[in-house]
Amino acid sequence: MKAILTKSEKEKLLEQFEKSGKTHAQFAEENGLNVKTFSKWIYEWHHQNRSTNEVKFVEIKTSAISPANDIRVKKPGMEILIPAHLEQYQLKNILSVLAAI
């Protein structure tokens, strides 16, 4: 018989997945989840977060920022290098795109 997870248990797993840097298939297999079911949870979770206009923040660790230093944004599964010389509107556009991820 399959175990039925509560909403909070699913959310905890989804948060762990987001931090893991693994593919959904890898994470599902390691946690004994059906890949198709887990994919559906991911889709619904992201759709729900977008529809509630929830803003997610990603911690940015930097050394002292000066015009000579570029900014690196690391998130599980991706790393983004932002040139330090960007205009404010360009940085705002990049941050808007990152917020939608």
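Which residue in E2 is the bridge partner of Val-73? The answer is Ile-80, and the account below leads up to this pair and then beyond it. The structure shown is a predicted model.

The overall plan comes first. The protein contains four helices and two strands. Followed along the sequence, these elements appear in the pattern α-α-α-β-β-α. The protein has 101 residues, and 16% of them count as buried. Its accessible surface amounts to about 8,200 Å², and carbon and sulfur atoms hold 55% of that area. Among contacts with a separation of 6 or more, 29% are between residues 24 or more positions apart.

Helix H1 is a suitable place to begin the tour. H1 is built from 14 residues and spans 20 Å from its first C-alpha to its last, which is close to the 20 Å expected at 1.5 Å a residue. Its buried residues are Leu-13, Leu-14 and Phe-17. Viewed down the axis of H1, these buried residues fall within an arc of 100 degrees, so they line one face of the helix. A general rule helps in reading such a pattern: an α-helix has 3.6 residues a turn, so residues three or four places apart point the same way. The other side of H1 carries Ser-8, Lys-12 and Lys-19, which are exposed. After H1 comes Gly-21, with a positive phi near 75 degrees.

The buried face of H1 leads into the interior. The largest nonpolar core has ten residues, and Leu-13, Leu-14 and Phe-17 belong to it, together with Phe-27, Ala-28, Leu-33, Phe-38, Trp-41, Ile-42 and Trp-45. Helices H1, H2 and H3 are the elements that each give two or more residues to this core. The most comes from H3, which supplies four residues. Leu-33 illustrates how parts of the chain meet: setting aside residues up to four places away in sequence, Leu-33 touches Leu-5, Leu-13, Ala-28, Phe-38 and Trp-41.

Is Ala-25 buried, partly exposed or exposed? This residue lies in helix H2, which covers residues 24-30. Ala-25 has a relative accessible area of 32% and is therefore partly exposed, since a buried residue must be under 20% and an exposed one over 50%. Ala-25 and Phe-38 are 13 residues apart in sequence, and their C-alpha atoms are 8.3 Å apart in space.

The path now turns to the strands. E1 and strand E2, which comprises residues 78-82, run antiparallel and are joined by five bridges. The two strands form a hairpin with two residues between them, and Gly-77 in the turn has a positive phi of about 90 degrees. Within this pairing, Val-73 has Ile-80 as its bridge partner in E2, as the opening question asked.

Val-73 also has a link to an earlier stretch of the chain. Ile-60 is situated in the loop between helix H3 (35-51) and strand E1 (71-75). The C-alpha atoms of Ile-60 and Val-73 are separated by 5.8 Å, although the two residues are 13 residues apart along the chain. Leaving out residues up to four places away in sequence, Ile-60 touches Ile-71, Arg-72 and Val-73. Even with these contacts, Ile-60 counts as partly exposed, because its relative accessibility is 42%. Val-73 is thus a residue at which two parts of the account meet: it is touched by Ile-60, and it is bridged to Ile-80 in E2.

Technical notes. Residues numbered from 1 in each chain as written. Predicted model: local features only at pLDDT ≥ 70, side-chain atom pairs only at ≥ 80, totals over all residues. Heavy atoms only, no water. Buried < 20%, exposed > 50% of the residue type's maximum accessible area, 1.4 Å probe, protein only. Contact = heavy atoms within 4.5 Å. Core = buried A, V, L, I, M, F, W, Y, C linked by side-chain atoms within 4.5 Å. Pairing = 2+ DSSP bridges. Areas by Shrake-Rupley, 256 points an atom, 1.4 Å probe, with all protein chains shown as cover. Expected span 1.5 Å × (residues − 1). Arc of directions from axis to C-beta.
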